[in-house]
Amino acid sequence: MIPPARPRKLAKVPFVELADGRLQGVVSSGSDIGRVYVSSVATGTFAFACSTNNNRPCGGARGSFCNHIGALANEAVLQYGAERVVRYLRIEVPAGDIDGPVLATAMRSTRPQADATKAAASVFSRFLRHLAYLEHAPATLPLPEMQFFPPTRAVA
């Protein structure tokens with residue numbers, strides 16, 4: 001696991017990943033504490049999708065990136081570093097100080113199309129899987145579902 005490029009707060013964007021050819025993650029709603037949005041941007045084409053955890057489309061993602069996708073890009077820069085995000089998404093940006101708003105502007109300039117693949121279910125499922133590990137009490141014994149990781153030390 002690669003440590004974050006900079007510390008980030010998890011309240012707004014609790015889950016962000018570069019996977020399956022997309023920048024994708026879960027973004028908290030600004031108006032309803034019980035609602036989250038699953039947002040994604042495809043590598044190269046910048047095709048995007050944003051919907052609630054109940055598969056309702058985001059009202060702000062009509063023809064262009066919504067605020068959830070902007071927040072996702074900002075958090076990706078904090079988590080992975082700007083250079084890695086630029087390389088993964090294949091964004092052409094001028095050299096210099098690259099941050100989340102610069103990335104979002106560069107992606108918007110290509111006039112992205114809405115994503116027809118709708119990967120929301122798999123992204124949200126992985127997010128819930130990560131949350132399940134928070135329910136475990138701290139222990140040194142291995143978790144059965146994580147047996148594929150090599151042991152770091154002998155368990156007594």
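This report walks through a predicted model of a protein, from its overall layout to one small cavity and a handful of residues.

## Overall layout

The protein has 156 residues, and its secondary structure comes to 4 helices and 4 strands. Follow the sequence and you read β-β-β-β-α-α-α-α, with the strands ahead of the helices.

As for packing, 41% of the residues count as buried. Take the contacts between residues at least 6 apart in sequence, and 50% of them join residues at least 24 apart. The exposed surface comes to about 9800 Å², with carbon and sulfur atoms supplying 57% of that area.

## How far to trust it

What does the confidence look like? The mean pLDDT is 75, and 68% of the residues reach 70 or more. Strand S2, residues 22-28, has the highest confidence, at 90. At the other end sits helix H3, residues 100-108, with the lowest confidence, a mean of 66.

Where pLDDT is low, the predicted coordinates should not be read in detail.

## The cavity

How many cavities of 30 Å³ or more does the structure hold? The count is 1, and about 50 Å³ of space lies in it. The lining is made up of 11 residues, and those that lie nearest the centre are Val 38, Ser 40, Ala 49, Ala 119 and Ala 120.

Three elements each supply at least two lining residues: strand S3 (36-42), strand S4 (48-52) and helix H4 (120-134). Sorted by class, the lining has 6 nonpolar, 4 polar and 1 charged residues.

## Helix H1 and its contacts

Helix H1 covers residues 67-80, and three of its residues are worth a look. Begin with Ile 69, which lies in this helix. Is Ile 69 buried or exposed? Ile 69 is buried, because its relative accessible area is 1%, below the 20% cut-off. Setting aside neighbours within four places in sequence, Ile 69 is in contact with Ser 39, Ser 40, Val 41, Phe 48, Ala 49 and Cys 50. Two of these partners, Ser 40 and Ala 49, also turn up among the residues nearest the centre of the cavity. Ile 69 and Leu 23 are 46 residues apart along the chain, with their C-alpha atoms separated by 9.3 Å.

Ala 76 is in helix H1 as well. With a relative accessible area of 0%, Ala 76 is buried. Its contacts, again leaving out neighbours within four places, are Val 16, Leu 23, Gly 81 and Val 85. Ala 76 and Gln 24 are 52 residues apart in sequence, yet their C-alpha atoms are 9.0 Å apart in space.

Asn 74 also lies in helix H1. Why does Asn 74 count as partly exposed? Its relative accessible area is 31%, so Asn 74 falls between the 20% and 50% cut-offs. Asn 74 and Val 13 are 61 residues apart in sequence and 9.4 Å apart in space, C-alpha to C-alpha.

## Ser 28 in strand S2

Ser 28 lies in strand S2, the element with the highest confidence. Ser 28 counts as buried because its relative accessibility is 15%, which is under 20%.

What does Ser 28 touch, not counting residues up to four places away in sequence? The partners are Ala 11, Lys 12, Pro 14, Arg 35, Val 36 and His 68. One of these, Val 36, belongs to strand S3 (36-42), and His 68 falls within helix H1 (residues 67-80).

## Two loop residues with positive phi

If you're checking backbone torsions, two residues other than glycine have a positive phi. Asp 20 has a phi near 55 degrees and lies in the loop between strand S1 (15-19) and S2.

Phe 46 has a phi near 60 degrees, and its place is the loop between S3 and S4. Is this loop residue, Phe 46, buried or exposed? Phe 46 counts as buried, because its relative accessibility is 4%.

Key: Residues are numbered from 1 along each chain as its sequence is written. This is a predicted model: local features need pLDDT of at least 70, side-chain atom pairs count only at pLDDT 80 or more; totals for chains, interfaces and linings use all residues. Side-chain values use heavy atoms; hydrogens and water are left out. On a 1 Å grid over the protein atoms alone, a cavity is a set of points where a 1.4 Å probe fits but cannot get out, and a pocket is an open set with protein on both sides within 12 Å along at least five of seven lines; lining residues have an atom within 4 Å of a point. Grid points are joined across faces, edges and corners, and a volume is the space filled by probe spheres set on the points. Ala, Val, Leu, Ile, Met, Phe, Trp, Tyr, Cys and Pro count as nonpolar, Asp, Glu, Lys and Arg as charged, and the others, Gly among them, as polar. Buried means under 20% relative accessible area, exposed over 50%, partly exposed in between (1.4 Å probe, protein chains only). Contact means heavy atoms within 4.5 Å. Accessible areas come from the Shrake-Rupley method with a 1.4 Å probe; for residues, only the protein chains shown count as cover. pLDDT is the predictor's confidence in each residue, from 0 to 100.
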